[in-house]
Amino acid sequence: MESGIPRPGPSLFYGWYVLGASFLILFLSAGARLTIGVMIKPMIAEFGWSRSAISFAVFLNMAVYAGSVIVVGRLYDRYGPKWVIIISTILFSAGTMLMSAMTTLWHFLLLYGVLSATGLGGTTIPLFAALMSKWFERRRGLAISLGLSGNCFGQFALVPLFTYLLVAHGWRLCNFWIGLISLAVNLPLACLVIKGDPAGLGLRPYGHASSNPGDEKSGPVPGVKGTRDLGLGEAMKTTSFWLFVLVMFVCGS
């Protein structure tokens, strides 16, 4: 009987490497993004900022992040994921590392509220969900779920780890290491592993119109139609689209 996760043949389909890289980037992005919650009290203690000022910076970060996701979607369609991830990582890492040297509130608003938030748009769920859908036709739901689970595991594993680093060495060093680790992990994965389209490697999406589910390179089977992407108007007519919207509204990305 066939198991839930496919067993590789003589060579593992390259899409699974892309999935693994996506998981790691989301894993790190989630932990880095949410660690700000444990930095607020140390920063207030050092600078004497009001909670309203901190709240405004967090609001600014979320607003810029939401806007950057829209822009990143357009850039992804035009240029593919590689350079989107690279530039986004550089922006996020620069903002986060420079926070280790900030001395005034406007530094915080600029670095965390704008620069880091802009970079987050290219290393979060929407981009990688689109990427997984290009690499997988068969077991697409499983692939997307596995890749995107990095976002949840990152919150679970990295926020406590970064919190320990903060308590042991201070919030400034913690920010510096978060930015540096993001560069060290995301850039090699984006340059060496992430590929935007299987056609670029002479492959077809996993399970593409194949009579043999394990043969990803085989040609189309006569009389079998492949899947295609839905436009926004078509997607809005499906139940799965609105279920996804509901879940994202409740849980966020």
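**Exercise 1. Find how H1 and H6 are oriented relative to each other in this predicted model.**

Solution. H1 and H6 turn out to be roughly antiparallel to each other. Let's retrace the steps.

- Step 1: Two packed helices are described by the angle between their axes and the distance between the axes.
- Step 2: For helix H1 (residues 14–34) and H6, the angle is about 170° and the axes lie 10 Å apart.
- Step 3: Angles over 145 degrees count as roughly antiparallel, and the pair is therefore assigned to that class.

**Exercise 2. List the residues through which H1 meets H6, and sort the contact by class.**

Solution. Take one helix at a time.

- Step 1: H1 contributes Tyr 14, Gly 15, Val 18, Leu 19, Ser 22, Ile 25 and Leu 26.
- Step 2: On the H6 side, the partners are Ile 125, Phe 128, Leu 131, Met 132 and Trp 135.
- Step 3: Sorting this contact of H1 with H6 gives ten nonpolar and two polar residues, with no charged ones.

**Exercise 3. Now describe the packing of H6 with H7, including the handedness of the crossing.**

Solution. The same recipe works nicely here.

- Step 1: The axes of helix H6 (residues 125–135) and helix H7 (residues 140–169) come within 9 Å, and they cross at roughly 150°.
- Step 2: With 145 degrees as the lower limit of the antiparallel class, H6 and H7 are therefore roughly antiparallel to each other.
- Step 3: The crossing of H6 past H7 is right-handed.
- Step 4: H6 makes the contact with Ile 125, Phe 128, Ala 129, Met 132 and Ser 133, while H7 uses Arg 140, Ala 143, Ile 144, Leu 148 and Asn 151.
- Step 5: By class, the contact of H6 with H7 holds seven nonpolar residues, two polar ones and one charged.

**Exercise 4. Place these helices in the whole chain: what is its pattern along the sequence, and what share of its residues is buried?**

Solution. Zoom out from the helix pairs.

- Step 1: The chain has ten helices and zero strands, and reading along the sequence gives α-α-α-α-α-α-α-α-α-α.
- Step 2: Of its 253 residues, 42% count as buried.
- Step 3: Taking contacts between residues at least 6 apart in sequence, 80% join residues at least 24 apart.

**Exercise 5. State how many disulfides the structure has, and say whether Cys 174 and Cys 191 are buried or partly exposed.**

Solution. Start with the search, then turn to the two cysteines.

- Step 1: Searching the whole structure returns zero disulfides.
- Step 2: Cys 174 has a relative accessible area of 0% and is buried.
- Step 3: Cys 191, at 36% relative accessibility, counts as partly exposed.

Notes. Residues numbered from 1 in each chain as written. Predicted model: local features only at pLDDT ≥ 70, side-chain atom pairs only at ≥ 80, totals over all residues. Heavy atoms only, no water. Axes fitted to C-alpha atoms, helices over the stretch in contact; angles between N-to-C directions. Helix = DSSP H or I, 4+ residues; strand = E, 2+ residues; numbered from the N terminus. Parallel < 35°, antiparallel > 145°, perpendicular 65-115°, else oblique. Left-handed = near helix turned anticlockwise from the far one by under 90°. Contact = heavy atoms within 4.5 Å. Nonpolar A, V, L, I, M, F, W, Y, C, P; charged D, E, K, R; others polar. Disulfide = S-S within 2.5 Å. Buried < 20%, exposed > 50% of the residue type's maximum accessible area, 1.4 Å probe, protein only.
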